[in-house]
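New to this one? Here's a quick briefing to read alongside the sequence and the 3D view.

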Amino acid sequence: MSGVLEKIGQTQDKWFVFLDKLESRMHEICTAAVPEIREVFEQDRDPYKRAHGHLLMGLRGQINQMRSKANEVREEKIFQFIDGITSELPGHGFFTGSHDRLYTFRIACINRHNLFEEKIAFYMSLLNNAAGEQDLEAAYQEQLQAFEAIRDQFSCKQCAGQMTIPDLFFIATYVTCPFCQTQNTFIPSTGAQMVLHQARSLAEQRTAHLLKTYEESKPKNSLLYRQYLRSMFDEWNKIVPDMAEENEKFYQRLLQDHLNSINHY
Amino acid sequence: MNEKDKTLSYLERLKQQAVNQENYGGEIKAEEAKMEVRDCPECGAGRAFHQGLTVCAYCGFKFMDIRLTDGLYIRKQNNS
């Protein structure tokens, strides 16, 4: 009996120390990584910030490895240990102090693991937000101004007649010459093409306050989420009106996903 | 090497790998907006939209063999 209690105590201690070590390693890597992520993001000339993405992926991989390791140890050293001990104890109807101790042990180990998972969520979010927010609004306004400045400066490649680009296009588009009807292909600048890529993020930036209001509501208020989502998609459609039809289907899907999810606490 | 140095050296390696990794499709060069046109190689006419985009409106040369489907700016009605 005392042997069993001793084994339970030792296993619990080892599990706690193991998770402490993983957490301390996680803290060390993530806090040291934050300035590095910021530096890579700022120096990355790629419009898609792929060097920053690669670095982030590597670091997330490290954290996920820690998560897998903890899950593996939990299965092997905690749950299998509990199964082993349970089979050695008298069956149902013969509850002893060992049963109580085993139950307390199980709950303590699971709670400790939950804390570890919370730390993972915290450090993941620290890494994801380390680069800070890009000023997408300024970049968008810059593209609008650039477009206004060039929209009348094109001529038909066939007859040299002056052409006006009717809208701010984000992808290559046929524009018909009003004089000779030739289909010219207008290819937007790289900056304008990036607006399409950044449109959702910009809409999310514009409506971040609504998402925050929803996230701060307790219990989570679905109506607030719906308000946020609608506003976000309205902003998105204002930026890229040509995608409104497709976006509406996406909006309906996200809304359904939210209503069907169970995490409203 | 102590733990702190190990972490810094690991991060430095990770950073170098991330920065030096070649991007799919190569480096993206910032380009200005431009206008292009595709003339008919058979008769030299501009690609006019009289009866669709896939065939030259003047001599019948096939600009493309595919059937167009609905997209953002191109519709299936644009087939010749």
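In this predicted model, helix H7 (222-239) of chain A has these buried residues: Tyr225(A), Tyr228(A), Met232(A), Phe233(A), Trp236(A) and Ile239(A). They sit on the same side of H7(A), because the arc they cover around the axis is only 125 degrees. That's a good place to start, and the rest follows by topic.

**More on helix H7 of chain A**

- What do the buried residues of H7(A) pack against? Their partners are helix H4 (136-150), H5, H6 and helix H8 (244-260) of chain A.
- The length of H7(A) checks out too: its 18 residues, at 1.5 Å a residue, should span 26 Å, and the end C-alpha atoms are indeed 26 Å apart.
- As for the one-sided pattern, an α-helix has 3.6 residues a turn, so residues three or four places apart point the same way.

**Just before H7: a cis peptide bond**

- The loop between helix H6 (208-216) and H7 of chain A holds Pro219(A).
- Lys218(A) and Pro219(A) are joined by a cis peptide bond, with omega at about -5 degrees.
- For background, most peptide bonds are trans, and most residues other than glycine have a negative phi.

**Residues with a positive phi**

- Lys49(A) is in the loop between H1 and H2 of chain A. Its phi is near 50 degrees, a positive value in a residue other than glycine.
- Is Lys49(A) buried, exposed or partly exposed? With 17 other C-beta atoms within 10 Å, Lys49(A) is partly exposed.
- Ala160(A) isn't a glycine either, yet its phi is positive at about 65 degrees. You'll find Ala160(A) in the loop between strand E1 (154-155) and strand E2 (162-163) of chain A.
- Ala160(A) has 11 other C-beta atoms within 10 Å, so it counts as exposed.

**The hairpin in chain A**

- E3(A) and E4(A) make a hairpin with six residues between them. In the turn, Gln181(A) has a positive phi of about 65 degrees.
- The two strands pair in the antiparallel sense, over four bridges.
- Want to trace the pairing by eye? Thr173(A) stands opposite Phe186(A) in E4(A), and Tyr174(A) stands opposite Thr185(A) in E4(A).

**Where chain A meets chain B**

- How many residues does each chain bring to the contact? Chain A puts in 35 residues and chain B puts in 26 residues.
- On chain A's side, the elements giving two or more residues are helix H1 (2-43), helix H2 (50-88), strand E3 (173-176), strand E4 (183-187) and helix H5 (190-206).
- H1(A) gives the most to this side, with six residues.
- Sorted by class, the side of chain A that touches chain B has 16 nonpolar, 13 polar and six charged residues.
- E4(A) also pairs across the chains: four bridges join E4(A) to strand E1 (residues 34-37) of chain B, and these strands run antiparallel.
- In that cross-chain pairing, Phe186(A) stands opposite Met35(B), while Ile187(A) stands opposite Lys34(B).
- Phe186(A) therefore turns up in two pairings, opposite Thr173(A) and opposite Met35(B) in E1(B).

**Chain B: a helix and a strand**

- Helix H1 of chain B covers residues 3-20, and its 18 residues should span 26 Å at 1.5 Å a residue; the end C-alpha atoms are 26 Å apart, which agrees.
- Leu11(B), Leu14(B) and Ala18(B) are buried in H1(B). Their arc around the axis is only 65 degrees, which puts them on the same side of H1(B).
- Which residues are exposed on the other side of H1(B)? They are Asp5(B), Lys6(B), Ser9(B), Glu12(B), Arg13(B), Gln16(B) and Asn20(B).
- Lys34(B) lies in strand E1 of chain B, and with 13 C-beta neighbours inside 10 Å it counts as partly exposed.
- Lys34(B) and Ala18(B) are 16 residues apart along the chain, and their C-alpha atoms are separated by 33 Å.

**Domains of chain A**

- The domain assignment splits chain A into domain 1 (2-132), domain 2 (136-197) and domain 3 (207-264).
- Between domain 1 and domain 2 of chain A, the C-alpha centres lie 53 Å apart.

Terms used
Residues are numbered from 1 along each chain as its sequence is written. Chains are lettered from A and ligands numbered from 1 in the order in which they are written. This is a predicted model: local features need pLDDT of at least 70, side-chain atom pairs count only at pLDDT 80 or more; totals for chains, interfaces and linings use all residues. Two residues are in contact if their C-beta atoms, placed from the backbone, lie within 7 Å. Ala, Val, Leu, Ile, Met, Phe, Trp, Tyr, Cys and Pro count as nonpolar, Asp, Glu, Lys and Arg as charged, and the others, Gly among them, as polar. Two strands pair if DSSP finds at least two bridges between them. The expected span of a helix is 1.5 Å times one less than its number of residues. A residue is buried if 20 or more other C-beta atoms lie within 10 Å of its own, exposed if 12 or fewer, and partly exposed in between; C-beta atoms are placed from the backbone. The arc is that of the directions from the helix axis to the C-beta atoms. Domain bounds come from an automatic or database domain assignment.
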